[in-house]
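Please work through the exercises below with the sequence and the model side by side, and try each task before reading its solution.

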Amino acid sequence: MWDVVVVGAGPAGAAAALAARRAGAARVLLLDRYDFPRDKACGDGIAAHALDVLAELGVTDAVDGYPPLPALRLVGPGGGTVARALPRPAYTVPRKVFDARLVRAAVEAGVELRRHTVRAVEVGADRVVLDGDLAGRAVVGADGAGSVLRRALGHPVNPDRHLALAIRGYAPAPPGPPEQLIVTSAERWPAYAWAFPIGDGRANVGYGEVLRGEPLTRAHLVDRMAALLPGTDPATVTDLRAHHLPLSTHRPAPGRGRVLLAGDALSLINPFTGEGIFYALRSGALAGAAAAAGAPADAARRYAAALRARLGVHLRHSSAAAWLARRRWVVDAVIGAAGRDERVYRTVVELGLGDGRLDARTLAAVAAGVPRPRGAGNDRPSRDAPPRH
């Protein structure tokens, strides 16, 4: 019997385990189906907000040895570009390194780590039993987009239009000053490619798009990446791996009783940018603290309240931004407004990479650059209601 069992040892799981220990849990078990270090398909971008959460958890070496990326360049579907210094630098750290550092910090804090694949979940009156012989007074499901714990709570995977598919690999870094590059696509929007320099001569490169009811092949994803990143030769890209991104516009309940969900298992992927590491760390830390504090049977209620207080307004604003961004011309207007006004740029960055919010200044600046809709297809304003999340 453990006080808290965490399933999945990625950023959300490691943060949950660390937070549970810091909240006073005597026995914390962290499970993962892989040994560490292990690779994980991801853009590898670490924003400053993620480092803030790690500092709260006592982890200060997560990006050591990797140079800061001081700037971000955004290219709109119509070709407009804005390149400015980030409010605070970002980093690109391969998940093989980043995740292993977080797991090591958890183990050093007294968390027990085991390699184990969870297949069965039984919620009892005073415990949650995993695979018949591992029991926790509370359990945090941080087991990713295909979460077993999420299924055990009766929640299916995200439907199309609330789920994206991306492919990532490693290629020679583009020439010039180091910066994060995001190139949005007019074709098959919403979609974009990225190139994030690591600092060792390589860059994490990739392409992703929102699923819309049709299968996407590996060849299609690679072709679109090459089209949007013409300086990247697919023949030079290594370690290509695809992964699903469950967007936060379709989140299940954050838990029930003794079982909590965090990170990708809770569909916490920013629908505006695809960023998920900050969400994973923040939700994991909140879940771990809630699981370790007070009556375990009431953990989900505590967690839901904490998550709502900390991220509720931001998640509503990011969902609204994603709904507006369904229209390519709105994205072009955002790029234009960010180029004209640094405060708008900072608002967009905070909304996409952290826990920022829309404001009247940004909305007015974007509206001023929006042309009158014309034609049909993707350029016609949608009559759908904005999401209520």
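The exercises that follow go from the whole chain to single residues.

This is a predicted model, in which local features need pLDDT of at least 70, side-chain atom pairs count only at pLDDT 80 or more, and totals for chains, interfaces and linings use all residues. Residues are numbered from 1 along each chain as its sequence is written, and side-chain values use heavy atoms, with hydrogens and water left out.

**Exercise 1.** State how many helices and strands the protein has, and explain why it is as compact as a globular protein of that length.

*Solution.* Begin with the secondary structure: there are 10 helices and 16 strands, where helices (H or I, at least four residues) and strands (E, at least two) are DSSP runs numbered from the N terminus. Next, take the radius of gyration over C-alpha atoms, and compare it with the globule rule, which is 2.2 Å times the number of residues to the power 0.38. The radius is 20 Å, close to the 21 Å that the rule gives for 389 residues, so the protein is as compact as a globular protein of that length.

**Exercise 2.** Find which members of the largest nonpolar core touch the most other members, and which helix gives the most to this core.

*Solution.* A nonpolar core is a set of buried Ala, Val, Leu, Ile, Met, Phe, Trp, Tyr and Cys residues joined through side-chain atoms within 4.5 Å; buried means under 20% relative accessible area, exposed over 50%, and partly exposed in between (1.4 Å probe, protein chains only). The largest core has 73 residues, and V140, L260 and Y303 touch the most other members. Helix α6 (residues 277–292) gives the most, with 10 residues. Apart from this core lies another, of 22 residues, with A195 and M225 among them. Looking at Y303 itself, and leaving aside neighbours within four places in sequence, its contacts (heavy atoms within 4.5 Å) include P254, L260 and S283.

**Exercise 3.** Is S267 buried or exposed, and what is notable about its phi?

*Solution.* First locate S267, which sits in the loop between β16 (259–261) and α6. Its relative accessibility is 0%, so S267 counts as buried. Its phi is positive, about 60°, although S267 is not a glycine.

**Exercise 4.** Locate the cis peptide bonds that join F36 to P37 and W189 to P190.

*Solution.* The bond between F36 and P37 has an omega of about 5°, and P37 is in the loop between β2 (28–32) and β3 (45–46). The bond from W189 to P190 has omega near 5°, and P190 lies in the loop between β11 (180–184) and β12 (191–197).
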